[in-house]
Amino acid sequence: MTIRALSGRPVAELTLDAVRRGEIGLADLRIHPDTLDRQAAVAKQHANPQLAENLRRAAELTRLTDEEVLAIYESLRPGRATPAELTALSGSLASRGLPRCAALVAGAAEVYARRGLSRAGTNP
Amino acid sequence: MTAQDRRPVGRVRFMDAQRVNLDGFAVEDVELGLIAMRSPNDPEPGLVIRDGQVTEMDGVPEDQFDSLDTYIARHGLDLEAAPEAMALPDVQFARRLVSPDVPRSEIVRLSAGATPAKLARVLALLRPAELGQAMTKMRARRTPSNQAHVTNRLDDPLLLAADSATAAAFGFREIETTVPVLADAPSNAVACLVGAAAAAQGVLIQCSVEEALELELGMRGLTSYAETISLYGTEQVFTDGDDTPWSKAFLTSAYASRGMKMRVSSGAGAEVLMAGAERKSMLYLEARCVALARAIGAQGVQNGGIDGASVAASVPCGLRELMAENLMVMMRNLESCSGNDALMSESDMRRTSRTLPIVLAGSDFMFSGFGSIQRYDNMFGPSNFNAEDIDDFLAMQRDWGVDGGLRTVPADRIGELRWEAAQMCRAVYQHLGLADFTEDQVELAVDAAGSKDLGETDTLAVVGAAHAIRDGGITVVDVVAALDELGYEAQAEAIMDMTRARLAGDYLQTSAIFDEQLRVLSLVTDPNDYAGPGTGFEPAPERQAEIDAIRQARGVEDLRAEQAAAAVPLLAAAAAAPPGQDPREVIIGVSPAVGRDVWRCLSGLAVTDVLAELLAGLEEEGCTGRVVRFNDTVDLGRIGLAAARLAGSGIGIGLQGKGTALIHRRDLAPLANLELYSVAPAVTPELYRLLGANAARHAKGGTPDPARNPYTDEAIEARYHTTVIALMALERAWVKPGAPAEELSLEGLR
C-alpha cells in the first residue's frame, strides 16, 4: 500500500534529491485523505470511535483551502453566525461532498439557536 | 500589653519566614468553586437512555442540556457500555481501576460509558498511592516520555537553537516554544526546528500562538503538533473563551486535516479564576472537559491544573485532584500530558511533592512543559521544574529507578551540540536572507546559561526574520534545502525523514511520539500492558544504564585517580617503629593507605599539611613528634591507642587519611579517647594545630580545654559518604593483619 501526499506523489519520492531538484511543493507536504481514513479505521479498532470520526472529518477537510477551513472555524465561534447561516453552510458542505463536516455544522445550528450562541438578535 | 509583646514568639516568627508561607492557601469555599472534589452541588451521576438517545445525564433532562451536555451526550458516550458502567457501584469501579487483575482495556470500555459525574465520583475515592497504581496501568503508551519548554525573553534564534539542541539531547521528545512578541513566532519555529535537528531525530516541535498562525506554521511543516486548544467545564466560561464544543471539534479536525498532531488543554482552576465555576468542584468540571475532549475526537489532553495549578494547590486535596485529572484522561483512552508546567509553589518541597507521584507512576508526558530553560526565560511563566532542576530530576529518576524520559549528557557533548545548533541556525538564517548574525553572537549563545548572558541583542532582526519567513512563504523544504546546500546533509536528511514519517499519519494516533530511530510509539504501536508486578514498562538495560550513569557518580577508581594526582614524594617508610623513651614524645599514628594511595583529606587539605600542623602544635608546647603508619587496622581508635602505647609520653594522635583525628592515651580502652575530630570535611589547619598542642599538654600531664568539633548544618553525609566509602576501601586494601608499624620520614614535611 503506497502512502501518498495530498499531491498524489508517493511519500517515498519525497527525498533530499527531490528537494535539490526543486520538485517539492506545499501539496507534497500535506497529508492525503486516504491516509486519514486509514488512520480512522485504526483508531476505531483501538476503542476510540470519536478519534476515528475526527480523522474522517479531517479527510474531508483536506479538500478545502486553508482560508476556507479558517472561515468555517470562525463561523462556528459564538455569536458569529445566525442559525440560518449555519444551516446554509451545512448544506453547502454537504453538496460539496463533506457530509461529516456538514453534520457537525448542522448540529451546531440547532444547539446554538437554543443556547443563545448564534449571532445576537437573530435568534428565531 | 505592648505591640512588641503581642507579636508571635521567635519560634513562630522563624516558621513564618520559611518560603512555603509565600504561597496562598485558600479556605475551601463552595460558592466560589474553591473545592477540589465532591462539591455538594456536583450532580448525582445518572444516565437515562431512550430509543438509543440520551434523554437525561447527571440529573439534567435533555431539554435543559447546555452546549457541553449536548455534545457529550450525543457524541461522547458509548451507550452500549453505559448501563453497566453507570450501574457499577462507585467503590467497585474504583477497585477495578486499581486492581492489576482488571486489564486496562476493561476500564477503557467501562469509562466510555460513564458520565462526567460518575468518573468524578469514582476518582474521588482513590487515595494517592491508588492514583499512582491506576496511572501506571492506565496510561496509553507503554514508554513514558517528556516535553520541554524552549523559549527566551528575546526570542533570540541562536539561543533557541542551542537550547532546543540541549533539550533534544536531554531526551525531551516534544519541544514547545512560544513568544513574548507574537510577530516573532515563525522565527522561533524555524530556530527550534533547526536546533532540535542538530541533536536528535524525531523531536516534535510546537509553537504555541493564536490558532490561525499556529495552523499556518504547521501546514508549512515548520511545527508538528499543537496543544493549546482550551476546553472549559462550564458553558459560560467556554463561551467567554470565544469557542463552543462545535468550534473546537472543527478545529481539532482542521489540525488533523493538515497532518498535525494535536491535543486539547484544560485543567482545574480555570473556571474558578473566571468566577464561573457554578459552585461545582474542580474535579467535576474537569470531568466535563475530559468527556468533551473524547467526544470531539481529540487524541489527548493536557491537564493537571496547567495555568490553574496553584488554584487547585491552594485548597485541601488539591494535588490529589490534579493527579485524578490526568488519570481520568487515561481512562477515556486518551493521551495524558500531565501538567507540572506551572510553578505551583515557592517551596521546593511542595513543588516536588506535586510532581513526584506522577513521575513515579509514569505518564505519556510527565510534564506538559518541563522548563528546559531558566525560570526567567520561560515565556509561559516558570514551570514547576526548570533548567535549575534538571540535575535534581536526573537524580530523582536514578533514586527511584524510573524512566522520566531524560538522560545525562556529557558536558563536552552539550557544548558541541549547542555550537552546531547555533552555527546551523546562523547559516540557515543567512542563506535564506532572514538575518545576519555574527560569529561572536554564536559564541555568546553557545555559552549562555540564559538570555541574560547574551548582552545587547538586536530584537528588530528577529522580527525582520519572522516577517521574511511568513511573507516569503518559507516551508520546511526551504529549510531542508538550505541545510543541504550549507553542507548539513545529515540534518537535512533527518528533517526530510521526519516530513515523510508525518505524512504516514501514524503519529496522529493516541499518545504518539517518534523515538530517535523515527519509530512511532503510541497506543497502537506501544500499548501499555501493565498487569501488576513483573509486567508493563521496564527500562531496557541500556536505558537503565543511561538513567543510572549521572555525571556526578564516582567509583573507587575515580577516587584512586584523584588521590594519585595529589601524591607527593614524601612520607617514605623509614624503618620499623621502635618504642619511644622521651616523656615529651607524642606519636602521630596514621592509617595504612597514608603515603601510599591516600594523600588528600575530605577537607581538601593535603595529608602532609595536616601532619605538619599537628607536628607544629606539638612543638609549640615543647614536645616532639614522630609519624608512624599502622598497617594492621583501619580503625582510628586502635591506631590512636597503638600510637599512644608506642610514644614515650604515652599520648598518641590517630589520623585517618580522610582527616578524622583523635588524641589517645595508652591506658584507655580502644574506643575511648581524649579528644576527637569526627567531622573530617570541616576541620581546618588551625584546628589540627590545636589538636597537636592539646596532645602535647596531655603529654605534659595537663588537662587542656578540649577543641570543639566544627559544626555544620549542611548535608555533610550526603556530600561525603560516597567518598568516605571509597577512601576506606583504599585504606582496607593496605591492611595486613600482624604487619608491623613503620616510621615515616618527616623529611620535607616542615
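Two residues are said to be in contact if their C-beta atoms, placed from the backbone, lie within 7 Å. By this rule, in the predicted model examined here, 51 residues of chain B are in contact with 44 residues of chain A. Among the helices of chain B that each supply at least two residues to the side touching chain A are H3 (67-76), H15 (282-296) and H24 (489-503); helices are DSSP runs of H or I with at least four residues, numbered from the N terminus. The most comes from H13(B), with ten residues.

As for the numbering, residues count from 1 along each chain as its sequence is written, and chains are lettered from A and ligands numbered from 1 in the order in which they are written. Because the model is predicted, local features need pLDDT of at least 70 and side-chain atom pairs count only at pLDDT 80 or more, while totals for chains, interfaces and linings use all residues.

Now to the interior of chain B. A nonpolar core is a set of buried Ala, Val, Leu, Ile, Met, Phe, Trp, Tyr and Cys residues joined through C-beta atoms within 7 Å, where buried means that 20 or more other C-beta atoms lie within 10 Å of a residue's own, again placed from the backbone. The largest such core has 220 residues, and Ala161(B), Val194(B), Ala196(B), Leu327(B) and Ala421(B) touch the most other members. H15(B) gives the most to this core, with twelve residues. A second, separate core of 57 residues includes Leu559(B), Ala661(B), Ala696(B) and Ala707(B). Leaving aside neighbours within four places in sequence, Leu327(B) is in contact with Leu123(B), Leu131(B), Ala134(B), Met135(B) and Met138(B).

Terms used:
A residue is buried if 20 or more other C-beta atoms lie within 10 Å of its own, exposed if 12 or fewer, and partly exposed in between; C-beta atoms are placed from the backbone.
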